[in-house]
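Here are a few notes to read alongside the model. I have kept them in numbered points so you can check each one against the coordinates.

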Amino acid sequence: MAVINLKATYDAKAIYVMLKHCYGIAWKTPSTPTYLYDFDFVLTVYIVANTYGISELHQKARKICCNLVSDFFLPQYCNYREMITSPFIRALMRVLGPTAVGVSDSFQEEVFEIVCHGMTHLFENNGFVRLFARGVFFNEAYAVRFAQRIRDKLLAREWNGNSTGGYDSSNDDDDDIENCSAESSSEDSSVMPSGDISTTDEV
């Protein structure tokens with residue numbers, strides 16, 4: 001009988017989802033927009049399933065992750081966006097940031113394209129602007145490509161950086177941004193941040 005060493009560094013609830021899947025118990029997730037709050041947890045399930053080679057669960061988590069990123073930018077969810085932007089941005093940093101671990105290149109590319117498509121909404125958030133300016137939101141390669149996308153949009157006159165209110169540094173939440181920046185440099189991206197995750201439907 002094969003023995004799998006389950007790393008204690010992974011979130012226990014994500015491990016539980018994986019074990020239930022192995023025993024034929026389907027992973028049921030709440031519908032959007034409720035689950036937008038748990039994007040970080042879905043990402044951890046993706047990383048755990050990828051680490052232990054659970055292909056079906058890995059692909060399902062990847063699909064849900066990409067759907068959640070897309071849903072985040074949809075107009076009908078604009079009322080929820082303000083409430084979930086900070087945790088959502090931290091989760092995106094686990095995919096595209098300098099310390100991203102456990103995510104495939106193709107998954108990063110898919111998420112990056114979605115983020116570029118919705119960049120105007122990201123620039124409405126001062127936290128994202130600060131992290132992007134400090135070079136801690138994207139890794140170097142994606143930061144360069146994101147800047148090129150901004151240039152292309154401006155040259156094509158498809159986007160006015162001030163059209164949605166622009167960036168007002170006077171409204172920055174410095175404590176929140178410092179916490180985001182500290183997390184990006186000190187945490188292993190494969191480890192779930194501390195805190196309760198609303199996964200009551202799973203356990």
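1. From the N terminus on, the elements run α-α-α-α-α-α-α-α-α. That is nine helices and zero strands. Please keep in mind as you read that this is a predicted model.

2. Next, some overall figures. The protein has 203 residues, and buried ones make up 44% of them. If you take the contacts between residues at least 6 apart in sequence, 75% join residues at least 24 apart.

3. Now to the first helix pair I would look at. Helix 1 (residues 12–22) packs against helix 2 at an angle of about 55°, and their axes are 9 Å apart. The two are therefore oblique to each other, and helix 1 passes helix 2 in a right-handed crossing. On the helix 1 side the contact is made by Lys 13, Ala 14, Ile 15, Val 17 and Met 18, while helix 2 brings Phe 41, Thr 44, Val 45 and Val 48. Sorted by class, this contact has seven nonpolar residues, one polar and one charged.

4. Helix 2 (residues 39–51) also packs with helix 3 (residues 55–72), here at an angle of about 155° and with the axes 8 Å apart. Because the angle is over 145 degrees, helix 2 counts as roughly antiparallel to helix 3. The crossing of helix 2 past helix 3 is left-handed.

5. Which residues in helix 2 and helix 3 meet? From helix 2 they are Phe 39, Val 42, Leu 43, Val 45, Tyr 46, Ala 49 and Asn 50. From helix 3 they are Leu 57, His 58, Ala 61, Arg 62, Ile 64, Cys 65, Leu 68 and Val 69. By class, the contact of helix 2 with helix 3 has twelve nonpolar, two polar and one charged residues.

6. Helix 3 deserves a check of its own. At 1.5 Å a residue, its 18 residues should span 26 Å, and the end C-alpha atoms are indeed 26 Å apart, which agrees. The buried residues of helix 3 are Leu 57, His 58, Ala 61, Arg 62, Ile 64, Cys 65, Cys 66, Leu 68, Val 69, Asp 71 and Phe 72. You may like to note that Arg 62 and Asp 71 are on that list.

7. Is Ala 61 buried or exposed? This residue of helix 3 has a relative accessible area of 0%, so it is buried. Leaving out residues up to four places away in sequence, Ala 61 touches Trp 27, Val 42, Val 45 and Tyr 46. Its C-alpha atom is separated by 6.1 Å from that of Val 42, and the two residues are 19 apart along the chain.

8. His 58 is another helix 3 residue to look at. Its relative accessible area is 10%, and it is buried because the cut-off is under 20%. With residues up to four places away in sequence not counted, His 58 touches Tyr 46, Ala 49 and Asn 50.

9. Lastly, helix 5 (residues 105–117). The 13 residues of helix 5 should span 18 Å at 1.5 Å a residue, and the distance between its end C-alpha atoms, 18 Å, agrees. In helix 5, the buried residues include Phe 107, Gln 108, Val 111, Phe 112, Ile 114, Val 115 and Cys 116.

Notes. Residues are numbered from 1 along each chain as its sequence is written. This is a predicted model: local features need pLDDT of at least 70, side-chain atom pairs count only at pLDDT 80 or more; totals for chains, interfaces and linings use all residues. Side-chain values use heavy atoms; hydrogens and water are left out. Axes are lines fitted to C-alpha atoms, for helices over the stretch in contact, and angles run from 0 to 180 degrees between N-to-C directions. Helices (H or I, at least four residues) and strands (E, at least two) are DSSP runs, numbered from the N terminus. Angles under 35 degrees count as roughly parallel, over 145 as roughly antiparallel, 65 to 115 as roughly perpendicular and the rest as oblique. A crossing is left-handed if the near helix is turned anticlockwise from the far one by less than a right angle, and right-handed if clockwise. Contact means heavy atoms within 4.5 Å. Ala, Val, Leu, Ile, Met, Phe, Trp, Tyr, Cys and Pro count as nonpolar, Asp, Glu, Lys and Arg as charged, and the others, Gly among them, as polar. Buried means under 20% relative accessible area, exposed over 50%, partly exposed in between (1.4 Å probe, protein chains only). The expected span of a helix is 1.5 Å times one less than its number of residues.
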